Amino acid sequence: MLNIHIYPSSMTHESRLFRETAVIEQMNGFSEIEIVGVRATGLPNQEQISPTRRIVRLGPQKWDGQAKAISYALWMLNAIWYCCFVRRPQFINCHSLTTLPIGVLAKLFAGSTVIYDAHELETETNGLQGFRQALSRWLERALIRFCDHSIFVSKSIQEWYVNAYGLTDTSVIYNVPAVASAIGKGTALRDQLDIPAETKIFLYLGALAPGRGILSILEAFKRMPEFSVVFMGTGSLENQIKDAAKSLPNVHYVSPVLPADVVETASSADFGISMIEPTSLSYKFAMPNKLFEYLAAGLPVLASPIPEQEALVREHGVGVVTAGLSADDIYVAAQDIATQGDILRGGISSALAAYSWKNQSMDIQLIYNRFNVRSFPGYMRQGLGPK
């Protein structure tokens with residue numbers, strides 16, 4: 001029994017995908033699990049990461065500039081050949097709309113069960129518009145009916161897909177770190193950046209790109225020299241943040257750490273920042289993974305008012321929701337959260353319990369149970385099997 005998970009990346013920081021496949025491996029229902037991605041310089045074409053899981057990086061690697069589309073088209077053809085005719089998996093999980101055609105072709109040519117594991121609202125992402133968006137909408141509508149099950153990252157996105165396509169076989173798997181409770185306080189950021197113990201650290205994790213409130217965050221912290229703000233990530237605004245850090249002593253940039261080290265590094269901050277702007281439906285309906293990473297690190301969250309994020313923060317009392325997305329709104333909320341940090345930390349345990357990776361793992365197992373993938377001894381021992 002072979003389960004393939006396919007996503008067009010070099011598979012170095014795909015923490016959600018690695019967590020999901022680790023759960024599937026523990027079920028012992030598959031003799032092989034392959035994580036298929038894109039070839040990259042300095043990385044092996046095949047990499048065994050656990051007893052039955054391996055990464056397979058298919059060529060060609062991504063080219064830059066005008067050749068990018070050509071390299072992607074060639075990679076798609078290679079992936080179609082590999083999945084549909086070479087490996088012929090019993091199950092294939094497509095982790096993006098761009099790989100869904102591969103899954104549908106695997107269903108037609110190899111009889112594969114297809115699981116669409118969308119990491120966002122795929123046709124309504126930030127910056128997707130015009131002909132590309134129209135093509136994406138047509139493609140998804142045409143192909144999603146071939147899927148045997150669909151997984152989404154928030155209830156709002158699940159509801160959108162159900163309403164848009166009339167889906168009936170769907171689940172929500174939140175992008176939660178695999179920790180049982182908030183970890184203890186660390187010192188990594190203070191040590192690296194030489195930030196005094198009495199200075200509160202606000203941490204921004206994730207993509208340094210438009211739609212994340214980054215420019216407003218910078219503007220707000222210009223007026224709050226008593227606090228430090230640390231940005232950890234990569235993206236189109238990276239150089240702008242580095243330039244701000246040169247002139248503002250309370251603004252810092254650090255390079256991303258490995259996915260396994262994110263929570264531990266984040267624990268050395270005092271508060272997390274999750275300023276997702278509702279610039280697209282995908283952003284509006286998001287339940288950001290950084291929100292869960294902050295909570296796992298024991299950090300109260302300074303959060304923007306997108307629906308599911310706001311609901312979690314308010315229900316469990318684990319942060320402060322800004323009135324809006326301006327620098328003034330962030331300034332007011334930052335002053336507020338700094339005065340009640342200890343109180344807000346009291347709700348983190350209940351939030352983590354409600355959205356724990358253990359709960360997400362059970363849901364993953366139940367999905368495969370639907371398709372009679374049952375030969376996993378640990379399933380019954382954990383009390384997860386049919387009564």
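A salt bridge is here a side-chain nitrogen of Lys or Arg within 4 Å of a carboxyl oxygen of Asp or Glu. The legends below describe a predicted model, in which local features need pLDDT of at least 70 and side-chain atom pairs count only at pLDDT 80 or more, while totals for chains, interfaces and linings use all residues. Residues are numbered from 1 along each chain as its sequence is written, and side-chain values use heavy atoms, with hydrogens and water left out.

**View 1. A salt bridge joins Asp148 to Lys107.**
The N and O atoms of this pair are 2.8 Å apart. Asp148 lies in the loop between α4 and β7 (149–152) and Lys107 in helix α3, so the salt bridge ties together parts that are 41 residues apart in sequence; helices (H or I, at least four residues) and strands (E, at least two) are DSSP runs, numbered from the N terminus. Asp148 counts as partly exposed because its relative accessibility is 23%, and Lys107 is partly exposed with a relative accessible area of 25%, where buried means under 20% relative accessible area, exposed over 50%, and partly exposed in between (1.4 Å probe, protein chains only).

**View 2. Helix α3 packs through its buried residues.**
In helix α3, which covers residues 100–110, the buried residues are Leu100, Pro101, Ile102, Gly103, Val104, Ala106 and Ala110. These residues pack against β1 (2–6), α2 (68–87), β5 (91–94), β6 (113–117) and α4 (130–143), with contact meaning heavy atoms within 4.5 Å. After the helix comes Gly111, whose phi is positive, near 70°.

**View 3. Arg54 and Glu34 form a salt bridge between two strands.**
The closest N and O atoms of Arg54 and Glu34 are 2.4 Å apart. The pair links distant parts of the chain, with Arg54 in strand β4 (residues 53–58) and Glu34 in strand β2 (residues 32–38), 20 residues apart. Both Arg54 and Glu34 are buried, and they belong to a network of salt bridges that links Glu32, Glu34, Arg54 and Arg87. Across the whole structure, a search finds 18 salt bridges.

**View 4. Strand β1 is mostly covered and pairs with β2 and β5.**
In β1, 5 of its 5 residues are buried; Leu2, Ile4 and Ile6 point one way, whereas Asn3 and His5 point the other way. In a regular strand the side chains alternate between the two faces of the sheet. The strand pairs with β2 in the parallel sense over 5 bridges, and 4 bridges join β1 to β5, which also run parallel, where two strands pair if DSSP finds at least two bridges between them. Ile4 stands opposite Glu34 in β2 and opposite Ile92 in β5.

**View 5. Two buried cysteines, Cys84 and Cys94, are shown without a disulfide.**
A search of the whole structure finds 0 disulfides, a disulfide being a pair of cysteine sulfur atoms within 2.5 Å. The sulfur of Cys84 lies 6.3 Å from the closest cysteine sulfur, in Cys83, which is too far for a bond. For Cys94, the nearest cysteine sulfur, that of Cys147, is 6.7 Å away. Cys84 is buried with a relative accessible area of 0%, and Cys94 counts as buried at 0% relative accessibility.

**View 6. An open sheet of 6 strands has helices packed on it.**
The strands follow the order β11-β10-β9-β12-β13-β14, and the pairing is parallel. β11 (251–254) and β14 (319–321) stand at the edges with a single partner strand each, so one side of each is left without a neighbour in the sheet. Neighbouring strands are turned by 25° against each other on average, direction ignored; axes are lines fitted to C-alpha atoms, for helices over the stretch in contact, and angles run from 0 to 180 degrees between N-to-C directions. Strand β13 (residues 301–303) is joined to β14 by 3 bridges, and Val301 stands opposite Gly319 in β14. Helix α11 (residues 289–296) lies across β9 (200–205), β12 (271–274) and β13, running at about 145° to β9. Helix α13 (residues 327–339) packs on the sheet, touching β9, β10 (227–232), β12, β13 and β14, and its direction makes about 155° with that of β13.
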